[in-house]
Amino acid sequence: MRLSGDSPHVATLAEWTHDAWGHLQPGRSLETAIALLREECGPAGVPSVFAALDGDTPVGTACLVADDMSDRRDLTPWLASVFVLPEWRGRGIASRLVQRVEDEARAQGHGHFYLYTPDQQPLYRRLGWRDQEERDYRGEAVTIMRRDFVAPGADADQSISR
């Protein structure tokens, strides 16, 4: 489900992602992370925050953001903050969250978008993403990956970059 900024789940999701990747944003407090995630809860398109729920309990999250790598603002938009609680992993939740963000990007007319990951390349490759660049980002070896697709209304004969 898409989250609004006033969702009671925003603080929980921000805490998960801050715990997982806060080291990439040195000096950013949890309170700042919560405030920034609230701002990313847009009504459609970029930015958007999505949550996978079990009843009313969040079990995973993913975002569509304009900028996820401070020194690569030339790349946009980004799939970001894909996280599933450890006890819920292996059930296809991450794949469904990624698909939801892809659908959102495509519906907004984006023909491609990006992500970066230190260790989930096999998952994203299975989902149609391709490696674009290997690099060090804030002390961590990561792969920037790209997903291409034909946006709605595009010429059906248009080829998809591979």
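Biologist: In this model, which residue in β2 does L53 stand opposite?

Modeller: Good place to start, and keep in mind that we're looking at a predicted model. L53 stands opposite P58 in β2. To read a strand pair, check the direction and then the bridges. Here β1 and β2 run in the antiparallel sense, paired over 7 bridges.

Biologist: How many residues sit between β1 and β2 in the hairpin?

Modeller: The hairpin has 2 residues between its strands, and G55 in the turn has a positive phi of about 70°.

Biologist: Is β1 mostly covered or mostly open?

Modeller: Mostly covered: 5 of the 7 residues in β1 are buried.

Biologist: Okay, on to helices. Why does the length of α3 agree with what we'd expect?

Modeller: You take the rise per residue and compare the expected span with the distance between the ends. At 1.5 Å a residue, the 15 residues of α3 (residues 93-107) should span 21 Å, and the end C-alpha atoms are 21 Å apart, so the two agree. Just after the helix, look for G109, which has a positive phi near 90°.

Biologist: Which residues of α3 are buried?

Modeller: Among them are I93, L97, V101 and A105, and also the charged-letter ones you might skip past, E102, E104 and R106. The buried residues of α3 pack against several elements, including β1 (48-54), β2 (57-65), β4 (112-117) and α4 (121-126).

Biologist: Can we zoom in on one of them? Why do you call A105 buried?

Modeller: The cut-off is under 20% relative accessible area. A105 has 0%, so it counts as buried. Then ask who touches it. Leaving aside neighbours within four places in sequence, A105 is in contact with L64, H110, F113 and F149. You can also compare chain distance with distance in space: A105 and P47 are 58 residues apart along the chain, yet their C-alpha atoms are separated by 9.8 Å.

Biologist: Speaking of P47, what is the peptide bond from V46 to P47, cis or trans?

Modeller: Look at omega. For V46 to P47 omega is near 0°, and the bond is cis. You'll find P47 in the loop between α2 and β1. There's another cis bond from T76 to P77, with omega near -10°. P77 sits in the loop between β2 and β3.

Biologist: And what about positive phi away from glycine? What is the phi of S81?

Modeller: S81 is not a glycine, but its phi is positive, about 55°. S81 is in strand β3, and it is partly exposed, with a relative accessible area of 25%. R138 is another non-glycine with a positive phi, about 50°. You'll find R138 in the loop between β5 (130-137) and β6, partly exposed at 38% relative accessible area.

Biologist: Last one: how many residues are in the largest nonpolar core?

Modeller: To read a core, follow the buried nonpolar side chains from one to the next. The largest one here has 24 residues, and L13, L37, V49 and W78 are among those with the most contacts inside it. Elements giving it two or more residues include α1 (10-21), α2 (30-40) and β6. The biggest giver is α1, with 4 residues.

Biologist: Which residues does L37 touch?

Modeller: Not counting residues up to four places away in sequence, L37 touches V10, L13, A14, V49 and C63. There's also a second, separate core of 21 residues, which includes A52, I93, L115 and Y124.

Methods:
Residues numbered from 1 in each chain as written. Predicted model: local features only at pLDDT ≥ 70, side-chain atom pairs only at ≥ 80, totals over all residues. Heavy atoms only, no water. Expected span 1.5 Å × (residues − 1). Buried < 20%, exposed > 50% of the residue type's maximum accessible area, 1.4 Å probe, protein only. Contact = heavy atoms within 4.5 Å. Pairing = 2+ DSSP bridges. Core = buried A, V, L, I, M, F, W, Y, C linked by side-chain atoms within 4.5 Å.
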